[in-house]
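Visitor: I am new here. Could you walk me through this molecule?

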Amino acid sequence: MQNNWSTPRRDRTKMHLQQALVALTKEKGFHSVSVKDIVQYAKYNRSTFYVHYKDKFELADDLLFTNLSALEESFEKPFKNKREVSTNLLDNNYFHIISSIYNNREFYDLINYVDTIPELHTRFPQTILTIYQERFEFKTINDLPVNMDYFKRYTAYGFYGLLANWINTGFQISKEELIKEIIILSQAHMASVKYINKH
């Protein structure tokens, strides 16, 4: 982005441009979307677009960054005050990430499209993996010794798989139902979760 400063008006304009890109990507595929399409959809002129972004790829990258940063924050937030949590004590309050995805479902629904936002299919699961690797430690049931790098990859990609399936099926089950199933699965192979934040 050409300027990093933020104002309510600037942020609102960027949000409208991002929303336009999401809708148009679903309608005609990312590579067929032009800057002209975006500004017409968002009801701005081209000069306004270029104040914020140099091209549609920079807009797409900002869209991805905005949503995945919010995803990270929603994942970590419940664990920051209580650093270590037994999986037996997990409840809906520890899964802000589920609400974050649901509240931004128009964006996350883009994983169902082939010609979608560049790198979405790789950066979404990679964000989950990075969170598991850098922000959390896990204890296995009965302290069973395991290769923890493999364990984190296994659980991170398993969690991503459940999220992707929820998105792929049009969010058919409720947030509460999904969280309940995730907690049951977590309790089957994790004793506790500890927030460490190596960042």
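The questions below go from the whole chain to its parts.

Guide: This is a predicted model: local features need pLDDT of at least 70, side-chain atom pairs count only at pLDDT 80 or more, and totals for chains, interfaces and linings use all residues. Residues are numbered from 1 along each chain as its sequence is written, and side-chain values use heavy atoms, leaving out hydrogens and water.

Visitor: How many helices and strands are in the chain?
Guide: Helices (H or I, at least four residues) and strands (E, at least two) are DSSP runs, numbered from the N terminus. From that end the elements run α-α-α-α-β-α-α-α-β-α-α-β. The count is nine helices and three strands.

Visitor: What share of the residues in the chain is buried?
Guide: Buried means under 20% relative accessible area, exposed over 50%, and partly exposed in between (1.4 Å probe, protein chains only). The chain has 199 residues, and the buried share is 42%.

Visitor: Which residues does UniProt list for "domain: HTH tetR-type"?
Guide: The record is an unreviewed entry. UniProt positions are given in the numbering used here, feature names are shortened, and annotations may be inferred rather than shown by experiment. In the model the listed stretch is 80% helix and 0% strand. UniProt gives residues 11-71.

Visitor: Which residues does the annotation "DNA-binding region" cover?
Guide: This also comes from UniProt, in an unreviewed entry. The stretch is 75% helix and 0% strand, with its end C-alpha atoms 13 Å apart. The annotation covers residues 34-53.

Visitor: How far apart are the end C-alpha atoms of α1?
Guide: The expected span of a helix is 1.5 Å times one less than its number of residues. Helix α1 (residues 8-28) has 21 residues, so it should span 30 Å. The model agrees: the ends are 30 Å apart.

Visitor: What covers the buried residues of α1?
Guide: Leu-17, Leu-21 and Leu-24 are among those buried residues. Contact means heavy atoms within 4.5 Å. The cover includes α2 (35-42), α3 (46-52), α4 (56-76) and α6 (105-108).

Visitor: Which strands stand at the edges of the sheet?
Guide: Two strands pair if DSSP finds at least two bridges between them. The open sheet has the order β1-β3-β2, with antiparallel pairing. Each edge strand has a single partner, so one side of each lacks a neighbour in the sheet. The edges are β1 (84-86) and β2 (136-140).

Visitor: Which residue in β3 stands opposite Phe-136?
Guide: Strand β3 covers residues 190-195, and five bridges join β2 to β3. These two strands run antiparallel. Opposite Phe-136 stands Tyr-195.

Visitor: At about what angle does α9 run to β3?
Guide: Axes are lines fitted to C-alpha atoms, for helices over the stretch in contact, and angles run from 0 to 180 degrees between N-to-C directions. Helix α9 (residues 175-189) lies across β2 and β3. The angle to β3 is about 105°.

Visitor: Which residue caps the N-terminal end of α8?
Guide: A polar contact is a pair of N or O atoms within 3.5 Å; within protein, one must be able to donate a hydrogen and the other to accept it, and residues adjacent in sequence count only if both atoms are side-chain atoms. Here a side-chain oxygen lies 3.0 Å from the backbone nitrogen of Asp-149. The capping residue is Asn-147.

Visitor: What is the relative accessibility of Val-146?
Guide: Val-146 is in the loop between β2 and α8. Among its contacts beyond four places in sequence are Thr-140 and Phe-151. Val-146 counts as partly exposed because its relative accessibility is 38%.
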